[in-house]
Structure formats: C-alpha cells, structure tokens
Amino acid sequence: MASEFDIIRRYFNRPVKRALLGVGDDCALIEGNAGEALAVTTDMLVEDRHFLRGTDALKLGHKALAVNLSDLAAVGAAPRYATLALSLPEADETWLAQFSRGLFGLADTFGVEIIGGDTTRGPRTISITAIGAVPADLVLRRDGARVGDEVWLSGCTGDAALALAHQRLEINLSGAALAHCLTRLQTPVPCVALGLALRGIATSAIDVSDGLVADLGHIAERSGVALELRYADLPQSRALKGCADARLVQQCLLAGGDDYELAFTARPDARAKIEQLAADLGLTLTCIGKVGAAEPGQVSVIDPAGNDMQLTYKGFDHFGS
Ligand code: ADP
Ligand code: MG
C-alpha cells in the first residue's frame, strides 16, 4: 500500500519554477522582500485521527496553530500570518468561543495575524496555513547536514506519546507526571525563539512531529548522509524516567511523535555558541549523535555497548500499516 510519502511524491511533488523551495521540507519558500524568503506551511488536525472526540476546544485552538509555528521554527522563520480552514459538525458557540480563545492566545504570544480562512459543515477538521519570514541566505533546511557535523535535540522526546499511552489505558500515569505529559500532548509550545537563534548556526533542522528517528531520517535522506544517534545520550523527562516499561520508553523516545522539539545538525566548532544560546533561551540542548557517510539516508541508534540497536521504527505514516 502506498505510504503517505509515496502519495505526496507520486501525485503532488512537481518541480517548482517560481518558488525557491517546493515540496519536501518543513516549509515551502517563496521570494519575499529584498533578501527575504517567505516560509509557507500547512498542517491539519482531524478528529478521531489527531485528537479524541471531546478534546478541550481551547487546547485544540492552541495546538492547531502550534504545530504550524513549529514548522516555521524548523526553517528559522519568524511567524507572521495564518489562515484557518475549519470544518465543524455543528455551530456550537461554546466550542467556538473556547477554540478561538486558544487560537488567538497563541497567535498573540507570537505576533501572528489570522488573515483569512474558510468555514464549512463536516467532520471536525482544522487546517491552518502559516506564513513566516526568514533571510533567504539563513534558511534552515533539511538538506544541509554534512559529514562530521553533530546532531542536536532541544528538550526531550517521548512525553506526548507517553500521555497517549495513558489515554489508551496502556499505562497508568498520575500526579505531576500525568499533568506534565498531558500538557506536552495537548498544548505543545513551538520552538520559535530557538529556530530564530539557530540561523547561521545549524547546518540543517527539522521539527520532531512524527518521531525522532523518522524525522531525522528526512534530514539523512535529503542531505545524503548517515546519522548515528547514541541512545544513552537521549534526554529523558522525569515522567519517562519513572516509567517501568523499558520497551515503551524506547518507543516513546525514538518514535513517539507529537514532540514539536527541533532536531538539528551543526559543525563541532559551533558547540560553544549552541551551549551559550541554550543558556540565553533557558532551554536544554543536547548533542545526541553525529553525522557520518556510511549509509546515506539511514539513521542508526547505538546502544551503550556500542552496538547498532537495529531498530526499524518508521514513525507516523497516515497510510502505513
Ligand atoms: P511536516 O511533518 O513537516 O508537516 P509532512 O511530513 O506533513 O511535513 O510533509 C512532507 C512534505 O510534503 C512537506 O514539504 C509538505 O508540504 C508536503 N506535502 C504534504 N502533503 C502534500 C500535498 N497533499 N500536496 C503537496 N505537498 C504536500
Ligand atoms: Mg515539520
């Protein structure tokens, strides 16, 4: 069966003539004012697919915009505008008031103007297109990783997937761990300031939305390099450390998705700058691996004994099995 990426490649990926960059990165790029590129991205949330029926509307409004701002952050763009396409089963004004509060709460935080959209009756679906700006020569792309670079990750992965495992009754979280993981799942904060700060420092970047290994696979593929991650160096939240199921922890860390952190590569001599900007922004940035040449397009994960963990995590694919 065709995967989500096969579908895009076969039916929608045409070479661009006017655009600076088309399908295949976190954002498309079009020419803006002198020396400036405009970054454009669309992300959709569908009920029963991306969120459960009955999900808090305020949180949904926040998340629908957050996932788009995360793609802008991944290319180093400053958020500017968004349009909102909304399909709703009914005109529930309580729901709409809450959704709008959540949406504009985040929009105001990042100075985003909602400039249009479309509203229709149908299954509950939220599709946002966001536009940002970035100096054309400082765009962070997926294809810039080079052999010898180091691989970095902001924050940590796995918390949102742990919350999902709890919602599916696969594990039982409680107290601070549950509150932390639910916040990470329902109201992720896009790494906008980090994306801007990485201009001129990162050689490539991506936001982690479909799982760390799968998303880094896009960098490996588009850059034509191999990425080698050190499992023991992957940062873990207290909630994840407290989880007794080692297999689940591993899966959450490497393939969980919905993290909205930034993964990026940088030259080893950028390390001091990266550590300084982590301190300035009050963020955790961790070096989790390196870029090699061995198997271009591949991401491998090395266990503490130095062995390849031979993982086959594919990440989230809407049409995969
Ligand atoms: P992300 O996870 O960063 O949002 P996706 O994995 O959703 O990116 O998409 C991969 C690439 O394919 C992106 O460049 C996206 O713009 C593009 N894309 C996805 N769906 C379509 C489509 N239906 N038509 C054209 N391009 C698409
Ligand atoms: Mg992305």
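Does Tyr260 count as buried or exposed, and at what relative accessibility? In this predicted model, Tyr260 has 9% relative accessibility, so it counts as buried. The cut-off for buried is under 20%. Tyr260 sits in the loop between H9 and strand E9 (261-266). Its backbone also deserves a look. Tyr260 is not a glycine, yet its phi is positive, about 55 degrees. Most residues other than glycine have a negative phi.

Leu169 is another residue with this feature. Its phi is near 65 degrees, again positive in a residue other than glycine. Leu169 lies in the loop between H4 and H5. Its surroundings are open: with 75% relative accessibility, Leu169 counts as exposed.

Step back from Leu169 into the helix that it follows. Helix H4 covers residues 159-167, and seven of its nine residues are buried. The buried residues are Asp159, Ala160, Ala161, Leu162, Ala163, Ala165 and His166. What do they pack against? Their partners are helix H5 (175-186), helix H8 (238-241) and helix H9 (246-255).

Now turn to the metal. The magnesium ion (ligand 2) is coordinated by Asp26, Asp71 and Asp207, each through OD. The distances run from 2.0 to 2.1 Å. Along the chain, these donors follow the spacing D-x44-D-x135-D. Asp26 and Asp71 link distant parts of the chain, 45 residues apart. Asp26 belongs to the loop between helix H1 (4-12) and strand E1 (28-31), while Asp71 belongs to helix H2 (residues 57-74). Asp26 is buried, with a relative accessible area of 6%. Asp71 counts as buried too, at 8% relative accessibility.

Asp26 and Asp71 also appear among the residues around ligand 1. The others are Phe5, Ile8, Phe12, Val23, Gly24, Asp25, Asp43, Arg142 and Ser209. By class, this shell has four nonpolar, two polar and five charged residues. Which helix gives the most to the shell? H1 does, with three residues.

Look next at the polar contacts of ligand 1. A backbone N or O atom of Asp25 lies 2.7 Å from an oxygen atom of the ligand. In Asp71, a side-chain N or O atom is 3.0 Å from an oxygen atom of ligand 1. Arg142 places a polar side-chain atom 3.1 Å from an oxygen atom of ligand 1. On its own, ligand 1 has 560 Å² of accessible area, and the protein covers 68% of it.

Note on methods: Residues numbered from 1 in each chain as written. Chains lettered and ligands numbered in written order. Predicted model: local features only at pLDDT ≥ 70, side-chain atom pairs only at ≥ 80, totals over all residues. Heavy atoms only, no water. Buried < 20%, exposed > 50% of the residue type's maximum accessible area, 1.4 Å probe, protein only. Helix = DSSP H or I, 4+ residues; strand = E, 2+ residues; numbered from the N terminus. Contact = heavy atoms within 4.5 Å. Donors = N, O, S within 2.8 Å, 3.2 Å for Na, K, Ca; no water. Near = heavy atom within 4 Å. Polar contact = N/O pair within 3.5 Å; in protein donor to acceptor, adjacent residues only side chain to side chain. Areas by Shrake-Rupley, 256 points an atom, 1.4 Å probe, with all protein chains shown as cover. Nonpolar A, V, L, I, M, F, W, Y, C, P; charged D, E, K, R; others polar.
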